[in-house]
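This report describes the strands, hairpins, side-chain contacts and pocket of one protein model. The sequence and the coordinates are shown below.

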Amino acid sequence: MRAEAGRWAATLADRVSCPECGRVITLREGAKAGDVIECCGRRYRLTFEYGAFAAEAL
């Protein structure tokens, strides 16, 4: 949710599960395949296939 021109606007949030602990991570708006995220002290590269994001260890 965010305020936009004095009104509230909602968008769907993309999420991905951490391959290490299974925690669900909400991705920043505009995330795309190839971006790097961190969880559990490790770095993962985002992939996007079949309409969903996944995190792969670097």
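For the lining of a pocket, Ala, Val, Leu, Ile, Met, Phe, Trp, Tyr, Cys and Pro count as nonpolar, Asp, Glu, Lys and Arg as charged, and the others, Gly among them, as polar. The model to which this division is applied is a predicted one.

## The largest pocket

By this division, the lining of the largest pocket consists of four nonpolar, three polar and four charged residues. The volume of the largest pocket is about 180 Å³. Its lining is made up of Met 1, Arg 2, Thr 11, Leu 12, Ala 13, Asp 14, Thr 26, Leu 27, Arg 28, Glu 29 and Gly 30. Several of these residues return below: Arg 2, Arg 28 and Glu 29 are among the lining residues, and each of them takes part in a salt bridge.

Thr 26, which also belongs to the lining, has a spatial relation to Val 16. The C-alpha atoms of Val 16 and Thr 26 are 6.7 Å apart, while the two residues are 10 residues apart in sequence. Val 16 is part of strand β3, which covers residues 15-17. With a relative accessibility of 3%, Val 16 is buried.

## Salt bridges

Five salt bridges are found in a search of the whole structure. Three of them are listed here with the closest distance between nitrogen and oxygen.

| Salt bridge | N to O distance |
|---|---|
| Glu 4 and Arg 2 | 3.3 Å |
| Glu 29 and Arg 2 | 3.7 Å |
| Arg 28 and Asp 35 | 3.0 Å |

In the pair of Arg 28 and Asp 35, Arg 28 is exposed at 52% relative accessibility, whereas Asp 35 is buried at 14%. Elsewhere, salt bridges with shared partners connect Arg 2, Glu 4 and Glu 29 in one network.

Within that network, Glu 4 is partly exposed, its relative accessible area being 43%. Arg 2 is likewise partly exposed, at 28% relative accessibility. What does the salt bridge between Glu 29 and Arg 2 tie together? Glu 29 is in the loop between β4 (24-26) and β5, and Arg 2 is in strand β1, so the pair links parts that are 27 residues apart in sequence. Glu 29 itself is exposed, with a relative accessible area of 59%.

## Hairpins and strand pairing

Strands β5 and β6 run antiparallel and are joined by four bridges. In this pairing, Glu 38 is placed opposite Arg 43 in β6. The two strands form a hairpin with two residues between them, and Cys 40 in the turn has a positive phi of about 55°. Cys 40 is not a glycine. The loop that holds Cys 40 runs between β5 (36-39) and β6 (42-49). The relative accessibility of Cys 40 is 41%, and the residue therefore counts as partly exposed.

Strand β6 is also joined to strand β7 (residues 52-57), by six bridges, and these two strands run antiparallel. Across this pairing, Arg 45 is opposite Glu 56, and Glu 49 is opposite Ala 52. The hairpin of β6 and β7 has two residues between the strands, and Tyr 50 in this hairpin has a positive phi near 55°.

A further positive phi, of about 55°, is found at Ala 5, which is not a glycine either. The loop of Ala 5 lies between β1 (2-4) and β2 (7-9). Ala 5 is exposed, and its relative accessible area is 81%.

## The aromatic pair

How many aromatic pairs does the model contain? The count comes to one aromatic pair. The ring centres of Phe 48 and Phe 53 are 4.8 Å apart and the ring planes stand at 65°, so the arrangement is edge-to-face. The cut-off behind this assignment is an angle over 60 degrees between the planes. Phe 48 is partly exposed, with a relative accessible area of 43%, whereas Phe 53 is buried, at 13% relative accessibility.

Terms used:
Residues numbered from 1 in each chain as written. Predicted model: local features only at pLDDT ≥ 70, side-chain atom pairs only at ≥ 80, totals over all residues. Heavy atoms only, no water. Buried < 20%, exposed > 50% of the residue type's maximum accessible area, 1.4 Å probe, protein only. 1 Å grid on protein atoms, 1.4 Å probe; cavity = no way out; pocket = protein on both sides within 12 Å on 5 of 7 lines; lining within 4 Å. Points joined across faces, edges and corners; volume = space filled by probe spheres on them. Phe/Tyr/Trp six-rings, centres within 6.5 Å; stacked < 30°, edge-to-face > 60°. Pairing = 2+ DSSP bridges. Salt bridge = Lys/Arg side-chain N within 4 Å of Asp/Glu carboxyl O.
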